[in-house]
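Subject: Structure for you to look at

Hi,

Here is the structure I promised to pass on. Please open it first, and then read my notes below alongside it.

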Amino acid sequence: MNLIDAITEQASFLKGVRRDLHAHPELSFEETRTSDLVADMLTQWGIPIHRGLGKTGVVGILKNGASSRAIGLRADMDALPIQESNQFAHASRHAGKMHACGHDGHTTMLLGAAQYLAKHRDFDGTVYLIFQPAEEHGGGAREMMRDGLFEKFPMEAVFGMHNMPGIPAGTIAASPGPVLASNNEFKLTIRGKGGHAAMPHLSVDPIPVAGAIMQAFQTIISRNKKPLETAVVSITMIHAGDVPNVIPDRCEMQGTVRAYTAETLDLIERRMREIAQHTGAVFGAEVDFEFRRNYPSTINHVAETAFVREVLQDMLPASQIVTQVPIMAAEDFSFMLEAVPGCYAFIGNGDGDHRDPGHGAGPCVVHNPNYDFNDEVLPLGATLLAQLARKWFERGPG
Ligand SMILES: [Zn+2]
Ligand SMILES: [Zn+2]
């Protein structure tokens with residue numbers, strides 16, 4: 001592995017920062033301590049900062065040389081509303097909040113790159129260090145963009161990285177095209193007519209309507225979308241009735257839809273609405289259908305992804321540069337990639353053996369109370385981010 005020595009020498013400092021962040025998780029748009037810590041460190045390293053984009057976002061503006069060229073490096077800062085099961089020393093000190101997605105590690109890797117670039121200034125251009133809030137809930141990337149991120153700080157490309165449990169530590173994946181799905185939610189309310197459970201003929205029972213809709217929704221996946229297009233429809237909440245002897249007057253269903261292409265998503269939304277409303281009519285019920293598009297698919301740009309792989313080839317043996325199989329989770333970095341070319345890479349987090357004694361008994365996967373970021377990979381991630389900045393400007397304008 002060919003890492004930047006000056007970053008490797010900071011490994012124990014970075015581990016301390018990461019564990020401090022882990023112990024003090026903050027939920028989406030509440031990242032005040034975290035953003036203060038980021039702002040203080042950047043300032044201490046002589047990097048001018050801009051605060052307040054997306055409420056708690058911080059942008060470090062690291063300019064060197066005379067070039068007017070610029071790129072962005074992005075990390076997310078927020079934690080999840082999960083009660084941590086780990087008992088080790090750096091476990092969460094805030095009940096019901098936990099860095100269970102490794103954003104403590106992402107923030108630290110970007111700080112590691114910032115520290116190196118600020119000290120060595122061996123690049124010609126401006127690196128925007130984007131520390132964003134609220135990836136988990138609320139679309140902090142989109143909020144920073146609404147507040148003018150790319151107008152205030154125009155950049156040629158933007159790069160981000162997420163840890164990936166299950167991929168060995170020391171391995172990085174960067175793949176062109178779709179890597180994460182879009183995230184969408186639906187809610188439907190079936191309005192029937194309540195009545196005595198022993199006299200169903202006098203009511204319009206919304207529950208069999210819900211059953212018919214539930215069955216028909218899965219035919220969108222098996223019969224309507226193209227077989228080679230990937231998509232998921234999951235009904236995750238059904239609420240109706242309070243007592244055994246009363247037919248309720250309404251039933252509510254909610255769930256999630258994941259898809260890669262806009263074409264498939266449009267088709268799924270249209271078919272769901274048709275099925276919901278027409279099925280309701282068949283049974284004599286009325287159905288309200290709402291569909292909300294949260295995060296679009298994360299689609300890596302071809303040239304920028306090739307650039308990331310090129311940079312990786314100087315850092316890692318070929319066996320440690322892998323292709324990411326697309327997964328159906330979603331990520332709000334997708335908004336940034338819709339506006340600016342770039343690439344979202346994945347850094348292996350290992351299988352959980354790195355965890356300190358006292359960790360929870362469950363698996364070390366994201367959004368899980370037994371998870372912990374793997375500190376061993378901090379120098380690797382920080383080196384990649386620093387090298388992306390240095391080498392982007394070396395290549396000359398595309
Ligand atoms: Zn997450
Ligand atoms: Zn995450």
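I'll start with two aromatic residues, Tyr295 and Phe335, which are both buried. Please keep in mind throughout that this is a predicted model.

**Aromatic rings**

A pair of aromatic rings is described by the distance of the centres and the angle of the planes. The structure has ten aromatic pairs. In one of them, the ring centres of Tyr295 and Phe335 are 5.8 Å apart and the planes meet at 80°, so this pair is edge-to-face. It connects distant parts of the chain: Tyr295 belongs to strand β13 (residues 286–295) and Phe335 to helix α10 (residues 333–339), with their positions 40 residues apart in sequence.

Elsewhere, Phe159, Phe307 and Trp392 make up one aromatic cluster. Trp392 also has a charged partner, as Arg395 sits over the face of its ring, 4.9 Å from the ring centre.

**The zinc ions**

Which residues coordinate the zinc ion (ligand 2)? They are Cys101 through SG, and His103 and His162 through NE2, at 2.1 to 2.3 Å. Along the chain these donors have the spacing C-x1-H-x58-H. Cys101 has a second role here, as it bridges the zinc ion (ligand 2) and the zinc ion (ligand 1), which are 3.1 Å apart. Two of the donors can be placed by their accessibility: Cys101 is buried at 7% relative accessible area, and His103 is buried at 0%.

**Salt bridges**

How many salt bridges does a search of the whole structure find? It finds 25. One of the pairs is Asp36 with Arg51, where the closest N and O atoms are 2.8 Å apart. Asp36 lies in helix α3 (residues 32–44) and Arg51 in strand β1 (residues 49–51), so the bridge ties together parts that are 15 residues apart in sequence. Asp36 is partly exposed at 36% relative accessible area, and Arg51 is partly exposed at 38%.

Asp76 and Arg74 also meet in a salt bridge, at 3.8 Å from N to O. Here Asp76 is buried, with 0% relative accessibility, and Arg74 is buried too, with 2%.

Glu269 and Arg273 form a bridge at 3.3 Å, N to O. Both lie in helix α8 (residues 262–283), four residues apart, which is about one turn of the helix. Glu269 counts as buried at 15% relative accessibility, while Arg273 is partly exposed at 29%.

There is also a network of salt bridges that links Arg18, Arg19, Asp104, Asp356, Asp372 and Asp375.

**Asp20 and its surroundings**

Asp20 is found in helix α2 (residues 11–23) and is partly exposed, with a relative accessible area of 24%. Apart from its neighbours within four places in sequence, Asp20 is in contact with Arg33 and Leu37. Asp20 and Ser92 are 72 residues apart in sequence, and their C-alpha atoms are 9.3 Å apart in space.

**Two backbone angles**

Arg121 is not a glycine, yet has a positive phi of about 45°. Arg121 sits in the loop between α4 (103–120) and β4 (125–132) and is partly exposed at 30% relative accessibility. His367, also not a glycine, has a positive phi of about 60°. The place of His367 is the loop between β16 (342–348) and α11 (378–394), and at 43% relative accessible area His367 is partly exposed.

Happy to go through any of this together.

Best wishes

Key: Residues numbered from 1 in each chain as written. Chains lettered and ligands numbered in written order. Predicted model: local features only at pLDDT ≥ 70, side-chain atom pairs only at ≥ 80, totals over all residues. Heavy atoms only, no water. Donors = N, O, S within 2.8 Å, 3.2 Å for Na, K, Ca; no water. Buried < 20%, exposed > 50% of the residue type's maximum accessible area, 1.4 Å probe, protein only. Phe/Tyr/Trp six-rings, centres within 6.5 Å; stacked < 30°, edge-to-face > 60°. Lys NZ or Arg CZ within 6 Å of the ring centre and 35° of its normal. Contact = heavy atoms within 4.5 Å. Salt bridge = Lys/Arg side-chain N within 4 Å of Asp/Glu carboxyl O.
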